[in-house]
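Visitor: I have a chain to go through with you. Can we put it on screen and take it piece by piece?

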Amino acid sequence: MFVANVIGTVVATDKQAALRGVKLLLVQPVDADGRAEGEPVVAVDAVGAGVGERAFCVLGKEAAMALDNPDAAVDVAVVGIVDAVHQG
């Protein structure tokens with residue numbers, strides 16, 4: 001699991017059948033202070049996130065389970081939109 005900023009959308013003219021109709025986002029993982037960490041990745045959008053929002057992402061099999069077809073070839077999925085982060 002990780003938090004990321006949604007920095008763009010990805011348009012694909014052809015997709016695996018299980019991904020047709022699924023929005024793809026470009027997300028930049030961030031650290032606890034909101035600073036970019038690592039490289040951006042493509043994620044499927046399971047919640048309707050948009051560019052400029054901070055998102056909660058999952059990896060691996062859990063990512064595919066966010067879709068209607070849990071057998072889809074997916075490594076990263078946006079499963080929540082972050083409203084606030086509190087450290088304490």
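Visitor: What does the secondary structure of the protein chain come to?

Guide: One helix and five strands; helices (H or I, at least four residues) and strands (E, at least two) are DSSP runs, numbered from the N terminus. This is a predicted model, where local features need pLDDT of at least 70, side-chain atom pairs count only at pLDDT 80 or more, and totals for chains, interfaces and linings use all residues. Residues are numbered from 1 along each chain as its sequence is written, and side-chain values use heavy atoms, with hydrogens and water left out.

Visitor: In which order do the elements run from the N terminus?

Guide: The order is β-β-β-β-α-β.

Visitor: What radius of gyration does the protein chain have?

Guide: The protein chain has 13 Å, which agrees with the value near 12 Å for a compact globule of 88 residues. The radius is taken over C-alpha atoms, and the globule rule is 2.2 Å times the number of residues to the power 0.38. Along the principal axes, the C-alpha atoms fill a box of roughly 45 × 20 × 20 Å.

Visitor: How many of the residues count as buried?

Guide: 33% of the 88 residues. Buried means under 20% relative accessible area, exposed over 50%, and partly exposed in between (1.4 Å probe, protein chains only).

Visitor: Switching to D45: where is it found?

Guide: D45 is in strand β3, residues 41-45.

Visitor: Is D45 buried or exposed?

Guide: D45 counts as buried because its relative accessibility is 11%.

Visitor: Which backbone nitrogen does the side chain of D45 reach at 3.1 Å?

Guide: That of V47. A polar atom of the D45 side chain also lies 3.0 Å from the backbone nitrogen of A49. Both are polar contacts (a pair of N or O atoms within 3.5 Å; within protein, one must be able to donate a hydrogen and the other to accept it, and residues adjacent in sequence count only if both atoms are side-chain atoms).

Visitor: And which residues is D45 in contact with, leaving aside neighbours within four places in sequence?

Guide: V22, K23, L25 and V78, where contact means heavy atoms within 4.5 Å.

Visitor: Now N69. Where does N69 lie?

Guide: In the loop between α1 (61-65) and β5 (76-81). N69 is partly exposed, with a relative accessible area of 31%. Neighbours within four places aside, N69 is in contact with A18 and A64.

Visitor: What separates the C-alpha atoms of N69 and V44?

Guide: 12 Å, with the two residues 25 apart along the chain.
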